[in-house]
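This report covers how the protein chains meet the two DNA strands. Please look at the sequence and structure below before reading on.

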There are 2 protein chains.
Amino acid sequence: MTNTTNADEQQACGLTAALNVISGKWKPTIIWHLHAQPLRFGELRRRLPGISEKILSEQLKELQLSGIVRREEFDEARLRVEYSLTPPGALLNRAVHALAEWGSAYGNPPAPNVMCQR
Amino acid sequence: MTNTTNADEQQACGLTAALNVISGKWKPTIIWHLHAQPLRFGELRRRLPGISEKILSEQLKELQLSGIVRREEFDEARLRVEYSLTPPGALLNRAVHALAEWGSAYGNPPAPNVMCQR
DNA sequence: TCAATTACTTACGTCTTCGTAAGTGCGCGA
DNA sequence: TCGCGCACTTACGAAGACGTAAGTAATTGA
């Protein structure tokens, strides 16, 4: 057996579980952008400059499978889809937020101007 | 190397800064394992079942460049190297811990009887 | 009727990341 | 002095994550 404690291993286990969920170039940012209000597919795409529709679609689908994001179709004349965080997703967002706060304090961006608060 | 547009830089906030630092299959786990005490190269390798020496070496080097991990050589007769978290690294570890806690509460392992790690 | 928007999907290619296997130089114990 | 452990490095290759470009189906405004 290893010399780490059971509690430690359970924690490490949780880490890998969380990492599986947020693994993907855009997933943490998607979660971040959904923290305030639901967004439509196109709105998300516009908020993630550089993402392609294919990747956005893929990562949203995976986030749904992980139970982080909820997809809702609104039955209007014109197709309307909204993506929002589930309750677990909202909690995950708190952890993502902790990362973001660390990053704005200690990460080294090219310039210290804050562009994406809130 | 082909640089992407600077529209991406609009997103350059704390989150992406933090994600840059922890991007790497083993980095969050490395940080997590250094939370308690400094570890030697070989100790780390044994605690990360499945990692290769090449990858461990690479990711440690990148973590040093990010200012997360400190490498110390002890000038004993026999070569001895210890890796530990810097103060910013220790703070990053708190955010990583938040992820781990979320994971052990809400993360969904593929199968209920799958042992984590290894 | 034409063009545009929304919400995607599909095919294809590239590029990064990761892993495997082997090699290096040093000191130490047997 | 032989081999082993430590702390790495190097070369090579495979996998898959990501991006580009185009296509689809429905609807609506011009």
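## Backbone and bases of strand D

In this predicted model, sugar or phosphate accounts for 64% of the atoms of DNA strand D within 4 Å of the protein, and the rest belong to bases.

Three contacts to phosphate oxygens of DNA strand D can be named. An N or O atom in the side chain of B:Tyr83 is 2.4 Å from a phosphate oxygen of the strand. An N or O atom in the side chain of B:Lys61 is 2.6 Å from a phosphate oxygen. A:Lys25 instead uses a polar backbone atom, which is 2.6 Å from a phosphate oxygen of DNA strand D.

## The protein surface near strand D

DNA strand D is surrounded by 23 residues. The closest of them are A:Lys54, B:Glu53, B:Ser57, B:Lys61 and B:Tyr83. B:Lys61 and B:Tyr83 thus appear both in this list and in the phosphate contacts above.

Which elements supply at least two residues each of the surface near DNA strand D? They are α4 (53-65) of chain A, and α3 (41-47), α4 (53-65) and β3 (80-85) of chain B. The largest share comes from α4(B), with four residues. By class, the surface has 11 charged, seven nonpolar and five polar residues.

## Backbone and bases of strand C

DNA strand C also has 23 residues around it, the closest being A:Glu53, A:Ser57, A:Lys61, A:Tyr83 and B:Lys54. Of the atoms of DNA strand C that come within 4 Å of the protein, 66% are sugar and phosphate.

Both chains make polar contacts here, through A:Lys61 and B:Arg78 among others. In chain A, an N or O atom in the side chain of A:Lys61 is 2.6 Å from a phosphate oxygen of DNA strand C. A:Val81 takes part through its backbone, with an N or O atom 3.2 Å from a phosphate oxygen of the strand. In chain B, a polar side-chain atom of B:Arg78 lies 3.5 Å from a sugar or linking oxygen of DNA strand C.

## The protein surface near strand C

Chain A supplies at least two residues of this surface from each of α3 (41-47), α4 and β3 (80-85), and α4 of chain B does likewise. Which element gives the most to the surface near DNA strand C? That element is α4(A), with four residues.

The residues near DNA strand C divide into 11 charged, seven nonpolar and five polar.

Definitions and conventions: Residues are numbered from 1 along each chain as its sequence is written. Chains are lettered from A and ligands numbered from 1 in the order in which they are written. This is a predicted model: local features need pLDDT of at least 70, side-chain atom pairs count only at pLDDT 80 or more; totals for chains, interfaces and linings use all residues. Side-chain values use heavy atoms; hydrogens and water are left out. A residue is near a molecule or strand if one of its heavy atoms lies within 4 Å of it. A polar contact is a pair of N or O atoms within 3.5 Å; within protein, one must be able to donate a hydrogen and the other to accept it, and residues adjacent in sequence count only if both atoms are side-chain atoms. Ala, Val, Leu, Ile, Met, Phe, Trp, Tyr, Cys and Pro count as nonpolar, Asp, Glu, Lys and Arg as charged, and the others, Gly among them, as polar.
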